[in-house]
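Reader: Hi! Could you walk me through this one? I'm new to reading structures.

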Amino acid sequence: MKDTDIKRLLYTHLLCIFSIILSICIPSFFLENFSILETHLTWLCICSVSVTAVNLVLYLIVKPNASSKRSSISYKVTRFLKCCIYFLMSCFFFHVIFVLYGAPLIELVLETFLFAVILSTFTTVPCLCLLGPNIKAWLRVFSRNGVTSIWENSLQITTISSFIGTWLGAFPIPLDWERPWQVWPISCTLGATFGYVAGLVISPLWIYWNRKQLTYKNN
Amino acid sequence: MRLGSGAFAACCVVIEVLGVALFLRGFFPAPVRSSSRAEQRAEPAAPEPSAGASSNWTKLPPPLFKKVVIMLIDGLRDDFVFGSKGVKFMPYTTYLVEKGASHSFVAEAKLPTVTMPRIKALMTGSLPGFIDVVRNLNSPELLEDNVITQAKAAGKRIIFYGDETWVKLFPKHFVEYDGTTSFFVSDYTEVDDNVTRHLDKVLKRGDWDVLILHYLGLDHIGHVSGPSSPLIGHKLREMDSILMKIHTSLLSEERETLVPNLLVLCGDHGMSETGGHGASSMEELNTALILISSAFERKPGDIRRPKHVQQTDLAATLAIGLGLPIPGNSVGSLLFPTVEGRPVREQLRFLHLNAVQLSKLLQENVPSYEKAGTRSGDGLFLNGSLPAHTAAVFPSQVLSLLLLSIPEALSNKAELEVPLWSPVFSLLFYLTLLVLSALHVIVCTSAESSCYFCGLSWLTAGGVMVLVSALLCAVVSALAKTFGDGKFLSKNSAHPKPRWSELDVLILLGTMGHVLSLGASSFIEEEHQTWYFLINTLCLALCHEIYRNCLLRDDSEPQQCPHVEEEFIRTAAALQDRSTGCDTLEPHGVSRSLTSLDTLRGYEKWMVLASPWVILTCCRLLRSLNQTGVQWAHRPDLGHWLTSSDHKAELSVLTALSLIVIFALVQRKCSLTSKVALALGLLGVYCYRAAIGNVLFPWQQDSKDISKGVIEARFVHVFVLGILFTGTKDLLKSQVIATDVTIKTVGLWEIYSGLVLLAALLFRPHNLPVLVFSLLIQTIMTKFIWKPLRHDAAEITIMHYWFGQAFFYFQGNSNNIATVDISAGFVGLDTYIEVPAVFLTAFATFAGPVLWASHLVSFLSSETSSGSALSHACFCYALICSFPVSAYIILVTSLRYHLFIWSVFSPKLLYEGMHILITAAICVFFTAMDQTNTKS
């Protein structure tokens, strides 16, 4: 674990943040009346697509984990398909959790589902990129003392901060301020986004501060 | 003195209850009014200003009307008369409003929208204090200046029929009266027939000047079945025919005497969309007010919207109309349209009288109520900075004592040294006491008796001061001890603190967050959302813990059976995926390979993994059963769907099913006798619901005869008492004989099942699923979460508390007086008897927390792993309950100038006060159980 690694981590994270900023700025040149609050669903789609794309590209360029031994085309294709299925399942899983938390069951289905999609983008997509469709590895990373590299460590931090952001994002909903961003699910998606960005910023810094204490098994 | 931590906590909570009671007394004072009442009446009416032509008109003007009939219909919301319902069901009234000689208004009631304060407001014209909500149940005589007293002094003969509250308020004022009790909510025909039966005689007689009729039926229908019930239409039609009868009789009399009479139709408060009242929604505040008299001009074709006026305006108008002086504390202004037909000079005279009265009221009140004057006038506690809020010290002292003794109380011994006797004899104690009494004497003798403690008797004040200073000393010595220990610990030991699990962090943050959220009015209105959110998160955290536990157990033996681990992970993944679709599980062959991992059998393991999801689903279903709060209260919910009269069959099936499931879940640990009693009792519950017409028997197609169901309810009461008695007997036996723990466990479970049976009787039929799911969740948590994961007593207690709070809201309660179901207080009672009615209502309201707490007792005592579990639990329960109360009291004190202090914060304060009282009872019960435990 060298400083160069941390630097690479920082750059990739900055690129991710940049992609979110772009997803806010760019569409207003092409689409009329685009704004985060009013055309929220459009923004959700664009943001999700751009973050996914940037994550994939970065994964292909940086290749944080050593390349797998088998690399036949068929293996890659099945792996990719598996990833897609996992992503879809995580979307449905989050949707169910939101409904359990009290989201309306029948009304606003599309809104709730897109919210689930964006949360999956922030959490599941990096997991899939880094760890592949391997639940075992996921459970390892997200249990105590289970991380084996700074990439996994930063993944842990960003994912947890996205969840916490979403959780905190629900707080303003009952307040009677009657602001446009209090409408379901805008405050939660914004919370998730802020949480994700905060995680992206915090994780390189945190790893940098604690680089002396951090020792990974496989490094 | 050494005390068990349970007993210590119980003492603390009892003291805290005293403190809260003291605070409430100071916070909601009996309204203070102008002191010079007697003189006011004696002094002559204000002379007319002598501008212009000379005049010596110092007498009161003669009455405008000969007879006045006040027809007060409880809960008459404005749209029942002026809206589409009025047009449909009250044709005569609509005719009078549109074409007759009448003036119609929408009278706006002030908080609290409960009958007794509203009657006071109508008759005195003043604004009653908030605490009249509580006194609504027990109304003392009205001593303030009011129209009725004035009329009696002027020799008018007043006749009253209707709500008994009036008779209590004006005990010697009526020459003839017949009071009907207002609390038997499920009766809505007889109360009104009792009023109407006198009407024919009285109208013929004509030896009276004022007739007051108070009809309760409409409000009762609202309480029982809501404002959209078809019964409302029938009742309105009945009221319309009564109004017609009175009006025609008055008109025929006028033809003989040629002096106009006045007929007033008004409501005291409105009715919310759920049928209750007490809060501040528009539907509850707006009432109809119609003045009918031949003295008014006819106004054909006038279809303006009725003007909005204040309810208090009626007192001034009635006084003018009857030729009486306006009540001294009235803040209302004369309804000017009523005097428009008079000569201009008289009109001016009336306005002048009203103005003089109002300015006198202002002069009397302004010097001492500068701050209150800017508010609506009922915020009378605001004067005097020191007094009432000193009581807020009490609960916070108790809380800090509890907090400081956490480490000791939760140690293995569960005993702690209470620094009680040494501080009592210390110097600090006497110094504090001396300072406090000196302050008391100074304040009470110098200020013009505005001190709150001066209102108390000397003995009470002295007791309070002794208690405050003793508590202060106890806190100081505990503080000193903690600091001493802390230094000692940090010096000699570097033993690592036990790491906090995620669950502990969540519990701590959740508690803190909930307490902080009480500072915002919206979060109080929507407190149920906070609790639902917290228990959801709790379930997810438990889910995480369960899955991780399984994984860690796998990790410990990966070498031996690596494939098992993989297998398990695959199953976990499959479970996760499955749970997205549905929560049903069919254990496959996989479970066989899992048996080696745990002592649990495969099926049980599956249940452990599935249980958080089952609980989450239950909570989601319950959440859509009753919409409460303010913002989303109007949303359609299952409860409304079930209670609507079209879905009686579905409700019956649901009720029967719920009762069967309740029996199946509760009977497991009961003895045979109580099993039989429980079964019969639950059968009786169904019979009771069928008798009062909520549900149907399969052989009975339409509900013809609806009774009060007194016999059926008493039948159930007998079984409740029987089961409770058996339980108590077992407990006593276990204490005396001290043989084995099983008798005690059975006894506790029987007490618990008796409470469940009582709750089943008192809950509305559509709320029975709440009880079912509560039992179901308790069973699942006991079997599959608490036992396998081995949580400690503190965690289990706090989880019980959280679920108890959530179930308080699941059953449809909110922090709003209107949602208290007072009909529960009359189950099995023929007439209103105060003590049982209050007890039953309180139990029905707080059934969720009480049932969870009693489950906690029986669960912990059946787990004999550690002897100190019960006292730990008692301590934790006391701590976690007193934390919100103490913080809330401080918050309310600092927010006392908030705009919503009366509509949002005060009702919540009353709920919190009631909650701490119930907590005290629970803690005492805990301690009693604990004592028997240590003895045996």
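Author: Happy to; we can start with how the chains meet and then turn to salt bridges. Keep in mind that this is a predicted model.

Reader: Cool. How many residues does the contact take from chain B and chain A?

Author: Chain B gives 29 residues and chain A gives 26 residues. Between them the two chains bury about 2,600 Å², with 68% of that on carbon and sulfur atoms.

Reader: And how many salt bridges run across the interface of chain B and chain A?

Author: Zero. There are, however, seven residue pairs in polar contact across that interface. On the side of chain B that touches chain A, the residues divide into 11 nonpolar, nine polar and nine charged.

Reader: OK, new topic. How many salt bridges does the structure hold over all chains?

Author: 18. One of them joins the side chains of Lys67(B) and Glu253(B), at 2.8 Å from N to O. This pair links distant parts of the chain, 186 residues apart: Lys67(B) sits in the loop between α2 and β2 of chain B, and Glu253(B) in helix α13.

Reader: Is Lys67(B) buried or exposed?

Author: Lys67(B) has 0% relative accessibility, so the residue counts as buried. Glu253(B) is at 13%, and therefore counts as buried too.

Reader: Which residues are linked in a network of salt bridges?

Author: That would be Arg157(B), Glu176(B), Arg205(B) and Asp207(B).

Reader: Nice. Back to helix α13: where do Glu238(B) and Lys235(B) lie?

Author: Both are in that helix, three residues apart, which is about one turn. Their side chains form a salt bridge at 3.1 Å, N to O. Lys235(B) is buried at 3% relative accessible area, while Glu238(B), at 25%, is partly exposed.

Key. Residues are numbered from 1 along each chain as its sequence is written. Chains are lettered from A and ligands numbered from 1 in the order in which they are written. This is a predicted model: local features need pLDDT of at least 70, side-chain atom pairs count only at pLDDT 80 or more; totals for chains, interfaces and linings use all residues. Side-chain values use heavy atoms; hydrogens and water are left out. Contact means heavy atoms within 4.5 Å. Buried area is the accessible area (1.4 Å probe) that two parts lose on being put together, summed over both. A salt bridge is a side-chain nitrogen of Lys or Arg within 4 Å of a carboxyl oxygen of Asp or Glu. A polar contact is a pair of N or O atoms within 3.5 Å; within protein, one must be able to donate a hydrogen and the other to accept it, and residues adjacent in sequence count only if both atoms are side-chain atoms. Ala, Val, Leu, Ile, Met, Phe, Trp, Tyr, Cys and Pro count as nonpolar, Asp, Glu, Lys and Arg as charged, and the others, Gly among them, as polar. Helices (H or I, at least four residues) and strands (E, at least two) are DSSP runs, numbered from the N terminus. Buried means under 20% relative accessible area, exposed over 50%, partly exposed in between (1.4 Å probe, protein chains only).
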